[in-house]
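Open the model in your viewer and keep the selection panel at hand. The stops below go from one strand outward to the sheets, the helices and the core.

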Protein chains: 2
Amino acid sequence: MTDFTATKALFDLPEGIIYLDGNSLGPLPRATAARVAQTITAEWGQMLITGWNKAGWMDKPMHVGDRIARLIGAETGHVVMGDTLSIKVYQALASCLEMTPTRRVILSDTGNFPSDLYMAEGLCRTLGQGYQLKTVAPEDVLEAIDDSVAVLMITEVDYRTGRRHNMAELTARAHEKGALAIWDLAHSAGAFQVEVAAGGADFAVGCTYKYLNSGPGGPAFIYVAPRHADRAIPALSGWQGHEAPFAFDLSYRPATGAERLRVGTPPILQLAALEASLDIWDAVDMTALRKASLALTDRFITGIEAACPTLSLATPRDHDARGSQVSFRHPEGYAIMQAMIARGVIGDFRAPDIIRCGFTPLFIDAGDVDRAVEIIVDIMQNNLWDRPDYKTRAKVT
Amino acid sequence: MTDFTATKALFDLPEGIIYLDGNSLGPLPRATAARVAQTITAEWGQMLITGWNKAGWMDKPMHVGDRIARLIGAETGHVVMGDTLSIKVYQALASCLEMTPTRRVILSDTGNFPSDLYMAEGLCRTLGQGYQLKTVAPEDVLEAIDDSVAVLMITEVDYRTGRRHNMAELTARAHEKGALAIWDLAHSAGAFQVEVAAGGADFAVGCTYKYLNSGPGGPAFIYVAPRHADRAIPALSGWQGHEAPFAFDLSYRPATGAERLRVGTPPILQLAALEASLDIWDAVDMTALRKASLALTDRFITGIEAACPTLSLATPRDHDARGSQVSFRHPEGYAIMQAMIARGVIGDFRAPDIIRCGFTPLFIDAGDVDRAVEIIVDIMQNNLWDRPDYKTRAKVT
């Protein structure tokens, strides 16, 4: 059983802040700075080029991937780190389209994170030949899976509403119709126990700088189901995914398994930061995490709804249909979030009207929820958000 | 005039090592660890999500790109950081092919770094429709540029031989024949003053962990000529290259200029490491650098050739046809390099027979060259390389 009072002490949280934005950028583990400094001075500084062997840099994308594998229910050896989530989406999509050559439709939903849609759009444009991205409302996805669909590309938890799709059900339907399924776990990995293998996912992708606390720009991951691992030919066929990168052959031959999804030189400093965070994650009981997360989100919903009638809940009440965030809608959501931030409650705003708060039991407890509710209630009951300076939008919101 | 004795003191070089592999992984600047620690603790730790605005993280890919621009002779605002070199090659290639829709050939040479060729091969496979990669010997490139060529993709300095192509001449020929030209500056940026604008390059790409000392897995850069900047539609169309990423539109609209070549969330820790190194580079007089580099490479060639008749020079003697490395061929090159490393002279081996040594005046001086020559001469004259343990190959060589 994980002791979440103990895990909270492992994070460096600024004084006076209640951080409900770990689902956008996770906070800093106390061990990270020293870990990265060690990689810089003792590894890079002293080993220089020999660090690729001596410090194990070359194997890190697969080794670190194995630590992510537990959190997402993947088979060992089938998750590899690298690049950004958008790049990994592109790789998964291109592989799936190649495996379903007679079909032309990528199916997604309008709740998907826009970058996934943009990458799909770009791939379709590059491919030509009638390839197209089709999007439907999140609740209409199941019905929209038909024989024209080559691949279903879904983000499991909606970045705005926190609504959670049923991975097993949608994937089963996709397979029944002869389509493949790619799952984006950006808001799932570290939010609850994901089950990519049991859920039948063909590919899964995700980022590590949200719930997994790897820091700004931390590397993404990609999972490929064992049945495809030696079959999928990477569209982004870089040398690190070659069977023998240091043979410097002139022609590409994919490496065995998930390793073929590597592209270029791995970001060793960002990986070191991720490893420091995974030292915490390795010990987390995911059942306990989910239980604590649901208790926090329920507590927040109850507290806000009891006193703020103008905030309208965007997140499903049903536990099974929810991730680890709670979102409320309000036409002045942007200004309200600025007022919250000014009072030390950091969440984020998502256009057009979403106030989004993430709850991570690793560093958020019931007392934090109660204080956040108290502050939001004060802001709403006294219209403290109604100031011109709260309505001026920053570049990143 | 740059004082290279002073710059040498800015690097943390291990005692007793002569590091001739800065062209593979540059050594650690003394200021890097503190700079990265500051980014981790004061920015990520204290600002959390607000770091994207407050610490300027969101603008770093363009701001840092402007510091690279001087080194490669690019116009300000036309270089952007991100991803790996292989990904940037893919973006440049896809953009060029889209701008030359009636042609099907990517022309490169057999001296190009294999990953560039692999990415081209993968793109051709994805595109189908008769797209093909054609490679010729490095000295045959000029003649091979004909009306079938859509895009010329060349690494300016050959990673094995150190042979330098004539960017202006090849680019002019490409343009004359109606083709575009992409230059990979992996072994040029920081080796000498590159002139992408004056040389007419359409795109240029490069990495920062070699001569530019950004550390293992540092981000790549991409340059797009101003005449194409608002015309090239990125194949890898991620949200960070969107005109308004935080509007979360469902459809992609490219940002203005080079910024559209951004893909996903930038690697802030790796960028911080690069910035620490660029603090040194900003003050380097590139004419003085080139002069010092040629003096070092000449000195090394002269020293080795005078005493090691079995080592055969692979690098051109002509200054204009050379980068900042010197390579010798020997059938037992791998074992010779292991013997050198055992004696503290770190270069690298490149299959099948290349002993490669990079010379960076920022931290290598004439005394280092003389000591390296002395050690290599001892190894060669006394066959000290002829040991079974030096012939067993490591994963990364």
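Start in chain B with Leu313(B), which stands opposite Phe328(B) in β10(B). The model is a predicted one. Strand β9 (residues 312–313) of chain B and β10(B) run antiparallel and are joined by 2 bridges.

Keep Phe328(B) selected and add Ile355(B) in β13(B), which stands opposite Phe328(B). Here β10(B) and strand β13 (residues 354–358) of chain B are connected by 5 bridges, again in the antiparallel sense.

Stay on Ile355(B) and add Phe349(B), which stands opposite Ile355(B) in β13(B). The strands β12(B) and β13(B) pair antiparallel over 3 bridges.

Now select the whole sheet. Its 4 strands follow the order β9-β10-β13-β12 (chain B), the sheet is open, and the pairing is antiparallel. The edges are β9 and β12 (348–350) of chain B; each has a single partner strand, so one side of each lacks a neighbour in the sheet.

Why is strand β10 (residues 325–329) of chain B described as largely enclosed by the rest of the structure? Of its 5 residues, 4 are buried, so the strand is largely enclosed. For the cut-off, buried means that 20 or more other C-beta atoms lie within 10 Å of the residue's own. Next, show helix α11 (residues 286–307) of chain B: this helix lies across β9, β10 and β13 of chain B, at about 20 degrees to β10(B).

Move to the other sheet in chain B. This open sheet has 7 strands in the order β2-β8-β7-β6-β5-β3-β4 (chain B), and its pairing is mixed. At its edges are β2 (79–81) and β4 (132–136) of chain B, each pairing on one side only. On average, neighbouring strands of this sheet are turned by 20 degrees against each other, direction ignored.

At one edge, β2(B) and strand β8 (residues 221–224) of chain B run antiparallel, joined by 3 bridges. Select Val79(B) and Tyr223(B): the latter, in β8(B), is the bridge partner of the former.

Two helices to add here pack on this sheet. Helix α4 (residues 60–72) of chain B touches β2, β7 (203–206) and β8 of chain B, and its direction makes about 125 degrees with that of β2(B). Helix α6 (residues 114–127) of chain B touches β3 (105–109), β4, β5 (149–155) and β6 (180–184) of chain B, and its direction makes about 150 degrees with that of β4(B).

Next, display both chains and select helix α2 (residues 32–47) of chain A with helix α2 (residues 32–47) of chain B. Their axes are 10 Å apart and they pack at an angle of about 160 degrees. Angles over 145 degrees count as roughly antiparallel, and α2(A) is therefore roughly antiparallel to α2(B). The crossing of α2(A) and α2(B) is right-handed. Residues making the contact include Val36(A) and Ile40(A) of α2(A), and Val36(B) and Ile40(B) of α2(B).

For a helix pair within one chain, select helix α13 (residues 333–342) and helix α14 (residues 366–381) of chain A, whose axes come within 10 Å and cross at roughly 130 degrees. The two helices, α13(A) and α14(A), are therefore oblique to each other. Their contact is made by Ile336(A), Ala339(A) and Met340(A) of α13(A) with Ile375(A), Ile376(A) and Ile379(A) of α14(A).

Finish in the largest nonpolar core. Of its 268 residues, Leu93(A), Val151(A), Leu93(B), Val151(B) and Leu152(B) touch the most other members. Centre on Val151(A): among the residues this valine touches are Leu93(A), Cys96(A), Ile106(A) and Ile182(A), leaving aside those up to four places away in sequence.

How values were computed
Residues numbered from 1 in each chain as written. Chains lettered and ligands numbered in written order. Predicted model: local features only at pLDDT ≥ 70, side-chain atom pairs only at ≥ 80, totals over all residues. Buried ≥ 20, exposed ≤ 12 C-beta atoms within 10 Å, placed from the backbone. Pairing = 2+ DSSP bridges. Core = buried A, V, L, I, M, F, W, Y, C linked by C-beta atoms within 7 Å. Contact = placed C-beta atoms within 7 Å. Axes fitted to C-alpha atoms, helices over the stretch in contact; angles between N-to-C directions. Parallel < 35°, antiparallel > 145°, perpendicular 65-115°, else oblique. Left-handed = near helix turned anticlockwise from the far one by under 90°.
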